[in-house]
Amino acid sequence: MISSETINNYLTRLASRQPTPGGGAAAALHAAQGAALVAMVARYTTGAKYEQHAALVSRIIAAADELVDEALRLADADELAFQAVIDSYKLPSGTEALNEARSAAIQDALVHAARTPAQLIKVSGAVVELATELFDAANANVISDIAAAADAARAAATTARVNIDINIVAIEDGATRARLAEQTDGIEEKVVLAADSLAKRVRERILG
């Protein structure tokens, strides 16, 4: 599982001629890194100098740590979900009963595979929200990592969107397609706008 393997092993698998892990898992790791960066900046924003922000910082640390765990869970879930799609296409066919069973399995797997990146977009948005909350109070020595966190979350959201799209277009049931699209349409744009705005504010603060 991605959450427990070495970086070198993961990258070797990612670079190999194998369908998993792929972009969905990479997107989840973007989000995990973004959340971890928020947690790091928050931990540097502690002590007497930042006492007035203690409650805020403590809450952000706890929330960011939880988002790291959730993003890693989604990285593993995405790999498993996409593998299930691949496996469903390998099911036997040739008779009406087998064809129907195979088709149903493929459709179920595609729907499930679209749900994981949908969850990831929400995690990405939460990372940007935490980073934005922390911005004004953050230790100036690590303020650039706020922008890094925002950019990582941005990448996670836009990549997740593409992974949702590629699964949705293969789903035959129009109502299911519409429902999945409805749950996620517009969310990643909000994440992108918020991340871009925050990164701009960080640069302005650095450059004065």
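These exercises, each with a worked solution, explore a predicted model of one protein chain.

**Exercise 1. The overall fold**

Find how many helices and strands the chain has, and how its residues are packed.

*Solution.*
Step 1. Count the elements. The chain has seven helices and zero strands.
Step 2. Take the outer dimensions. Along the principal axes, the C-alpha atoms fill a box of roughly 75 × 35 × 30 Å.
Step 3. Look at burial. Of the 208 residues, 43% count as buried.
Step 4. Look at contacts. Take those with a separation of 6 or more: 78% of them join residues 24 or more positions apart.
Step 5. Turn to the surface. About 10,800 Å² is exposed, and carbon and sulfur atoms supply 55% of that area.

**Exercise 2. The two sides of helix α7**

Work out which residues of α7 are buried and where they sit around the helix axis.

*Solution.*
Step 1. Locate the helix. α7 covers residues 187-207, which makes 21 residues. From first C-alpha to last it reaches 31 Å, close to the expected 30 Å.
Step 2. List the buried residues. They are Glu188, Val191, Val192, Ala195, Leu198, Ala199 and Val202.
Step 3. Look down the axis. These buried residues of α7 fall within an arc of 140 degrees, so they line one face of the helix.
Step 4. Recall the helix geometry. An α-helix has 3.6 residues a turn, so residues three or four places apart point the same way.
Step 5. Check the other side. There, Lys190, Leu193 and Leu207 are exposed.
Step 6. Ask what covers the buried residues. The cover includes α4 (96-135), α5 (144-168) and α6 (174-184).
Step 7. Look past the end. Gly208 follows α7, and its phi is positive, near 75 degrees.

**Exercise 3. Two residues to classify**

Decide whether Thr176 and Gln107 are buried or exposed, and list their contacts beyond four places in sequence.

*Solution.*
Step 1. Fix the cut-off. Buried means under 20% relative accessible area.
Step 2. Take Thr176, in helix α6. Its relative accessible area is 11%, so Thr176 is buried.
Step 3. List its contacts. Beyond its neighbours within four places, Thr176 touches Val111 and Ile171. The C-alpha atoms of Thr176 and Val111 are separated by 8.0 Å, although the two are 65 residues apart along the chain.
Step 4. Take Gln107, in helix α4. Its value is 15%, so Gln107 is buried too.
Step 5. List its contacts. With the same neighbours left aside, Gln107 meets Ala170, Ile171, Glu172 and Asp173.

**Exercise 4. Salt bridges**

Compare where the partners lie in the salt bridges Arg73–Glu70, Asp136–Arg201 and Asp196–Arg154.

*Solution.*
Step 1. Recall the principle. Side chains of opposite charge can pair when their charged atoms come close. The count here is nine salt bridges.
Step 2. Start with Arg73 and Glu70, whose N to O distance is 2.8 Å. Both lie in helix α3, three residues apart, so about one helical turn separates them. Arg73 is partly exposed at 40%, and Glu70 is partly exposed at 25%.
Step 3. Go to Asp136 and Arg201, at 3.6 Å, N to O. This pair links distant parts of the chain: Asp136 is in the loop between α4 and α5, while Arg201 is in helix α7, 65 residues apart. Asp136 is exposed at 61%, but Arg201 is partly exposed at 30%.
Step 4. Finish with Asp196 and Arg154, whose closest N and O atoms are 2.7 Å apart. Asp196 is in α7 and Arg154 in α5, so the bridge ties together parts 42 residues apart in sequence.

Technical notes:
Residues numbered from 1 in each chain as written. Predicted model: local features only at pLDDT ≥ 70, side-chain atom pairs only at ≥ 80, totals over all residues. Heavy atoms only, no water. Helix = DSSP H or I, 4+ residues; strand = E, 2+ residues; numbered from the N terminus. Expected span 1.5 Å × (residues − 1). Buried < 20%, exposed > 50% of the residue type's maximum accessible area, 1.4 Å probe, protein only. Arc of directions from axis to C-beta. Contact = heavy atoms within 4.5 Å. Areas by Shrake-Rupley, 256 points an atom, 1.4 Å probe, with all protein chains shown as cover. Salt bridge = Lys/Arg side-chain N within 4 Å of Asp/Glu carboxyl O.
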